[in-house]
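Reader: I'd like to talk through how the labels on a model like this are earned. Could you take me from the values to the words?

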Amino acid sequence: MEVKGIFRTPSVYGTFPCLDERMQRKRSFRRAPVWQKPQGPIISILREGARARLDFEYSPLRVAAVKAIKGAKYHPDDKSWSIPFESVDQILSHKEFPSFRSLNGLGEQNVTLLDRESAGIELRKNPFAVSEESLSALAPDVLVRMTLPKRRLRLIPRVGSTAMKVVKKGRGVTYSGSDSAFTIPVENFPELLKKLRDKEVVFAVDSIAGATLSSSAAMRSDIVGGAVGYSADQLFEACLTPFITDVPDSPGEFRPCYFTTEQFKAAFPGVSRKGGQASPFSLDHRTLLAFSARRDSLPFTVWMTKGVVDAIETSKERILEEVSSTTGPIDDAAADVVQLPFMWKTAPSGRAVLVIGLPPASDARRLVADRVGEVLGTEYESEAAALHIEVPDSRLLPVVAEVDHLCETNDLGKIPRSASFERLHLDVEERVRLRERVQFYSSLDDISPERVRGLSVDDARRLFPHQRVAIEWLREFPHAFLGDDMGLGKTLSVLSYFATLRREEGYKRLLVVCPNSLTRNWVREATNRIRQPNLTHCA
């Protein structure tokens, strides 16, 4: 049952605040359990000659698992472990080191190992094309490989090292459990390399990744520099993933390509792409527009082919025509992509947002922003192309009224509203009305027996004043909570209210859920107060 409000008798407790939906929403926020939080890597595995170097987050069980391997050795200088390379499978299959929480830098097993001195010379000579023989002899601070089928860079830093801290702070870096590595957009890789050099971190790029990056550099430079008209094949060739492409055989269908699981969750929240689907996940025009609106807020770049860009622009033009001809609320997907001088919409947090799309130097922008700032007690100064002003629910109605008055007096027109904002505005109005009625009943001491609807004057006079107020409270708010203290006659108040419903609206049944010890009290009161009660008792 939906609880719209709480009322307690003024003579007993005084006024009692309304338990509205906003308060319920605040109370619903709880810290997620540890097992529900995003979890990163706990172990890195790199080959170092005939041994494998292990760096992992400490726990007694993990240390015990490594110690149990024959030939395991602890290195106190860098607090790492090493094990014979042939024992790596024991670590990879151990429950304390799940693969989806590991950084696996192992390459080919059957390679001719170089001595450390020769491998170090090759690394210093060209760290962007290190052979597998040299990589197998070294354990660099950061190893860079490439997943060729998906042309995605894999970064394997040593867990707990300075290198890992630098990598995690890199722009666009995300951890991919399926790749057992960090991934980074190729266009952001040079920036990360500069930070690694500044921290004197030793990194090595394997020969395959180096050759792929080198051969695609020219095309990548053209695309990143602003070239238009590129296709999915060109984006793939330039190693610019993930991206969204149009489906040639299915007009109006658009498909995300080469997303990691973590990137997909961030780009399309609430959508599952697990196996078992009849066809790959795809976007239509509506979901594509919604995605394009939040694309810039993602921590990584999502590229789009020319067909996708053209489809978005065409949809925007169509939406602008629809918005200019409609007088009602604007669809949320349309509100996220159209650019209007003013618009009311909702933020992901659920709050109302006034979006001002006028240039920063516009007089109308400064006028509205300054007035809203006065109402909210803050200042809004921004050189951004669009100014977003979040308005709390408690101040929404006065801010909307002030902005509407300001627009009317300055001939700025009526501000469009998104559908979600319209629902929020109506909800806030209902909550304010409910709060006002709660305050009214909380300050009400009594109601004249002649004014109690549905009861005879004699029956109403037998009630206490607070019971007559309770009946009117329940009549006005059918989904309510009567919070009178024990012994003040809540049973009689409810039964009297039900009697009014029987007489005026023809109700025939009242369901009472109570402890078995109170059943007799309900039966006795119902027998005395309700004519022909026809009681049924279920223990």
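Author: Gladly! Helices here are DSSP runs of H or I with at least four residues, and strands are runs of E with at least two, numbered from the N terminus. On that basis the protein has 22 helices and 18 strands. Please keep in mind that this is a predicted model.

Reader: What makes α20 oblique to α21?

Author: The axes of helix α20 (residues 465–476) and helix α21 (residues 490–505) cross at roughly 50° and come within 9 Å. Angles under 35 degrees count as roughly parallel and 65 to 115 as roughly perpendicular. The crossing fits neither range, so α20 is oblique to α21. The crossing of α20 and α21 is right-handed.

Reader: Which residues make that contact, and how do they divide by class?

Author: From α20 come Gln467, Ala470, Ile471, Leu474 and Arg475, while α21 brings Leu492, Ser493, Ser496, Tyr497, Thr500 and Glu504. By class, the contact of α20 with α21 has five nonpolar, four polar and two charged residues.

Reader: Why is α16 called roughly antiparallel to α17?

Author: Helix α16 (residues 363–376) and helix α17 (residues 396–409) have axes that cross at roughly 150° and come within 10 Å. Angles over 145 degrees count as roughly antiparallel, so the label applies to α16 and α17. Here, too, α16 passes α17 in a right-handed crossing.

Reader: What residues form the contact of α16 with α17, and of what class are they?

Author: On α16 they are Leu367, Val368, Arg371, Val372, Val375 and Leu376, and on α17 they are Val399, Glu402, Val403 and Leu406. The classes are eight nonpolar, no polar and two charged residues.

Reader: Now the sheet. What makes β4 and β6 edge strands?

Author: The open sheet has five strands in the order β4-β5-β3-β2-β6, with mixed pairing. Strands β4 (73–75) and β6 (102–104) each pair on one side only, and they are the edge strands. From one strand to the next, the twist averages 25°.

Reader: How do you know that β2 and β6 count as paired?

Author: Two strands pair if DSSP finds at least two bridges between them. Strand β2 (residues 43–48) is joined to β6 by three bridges, so the pair qualifies. β2 and β6 run parallel, and the bridge partner of Ile43 in β6 is Ser102.

Reader: And what share of the protein counts as buried?

Author: With buried meaning under 20% relative accessible area, 44% of the 539 residues count as such.

Terms used
Residues numbered from 1 in each chain as written. Predicted model: local features only at pLDDT ≥ 70, side-chain atom pairs only at ≥ 80, totals over all residues. Heavy atoms only, no water. Axes fitted to C-alpha atoms, helices over the stretch in contact; angles between N-to-C directions. Left-handed = near helix turned anticlockwise from the far one by under 90°. Contact = heavy atoms within 4.5 Å. Nonpolar A, V, L, I, M, F, W, Y, C, P; charged D, E, K, R; others polar. Buried < 20%, exposed > 50% of the residue type's maximum accessible area, 1.4 Å probe, protein only.
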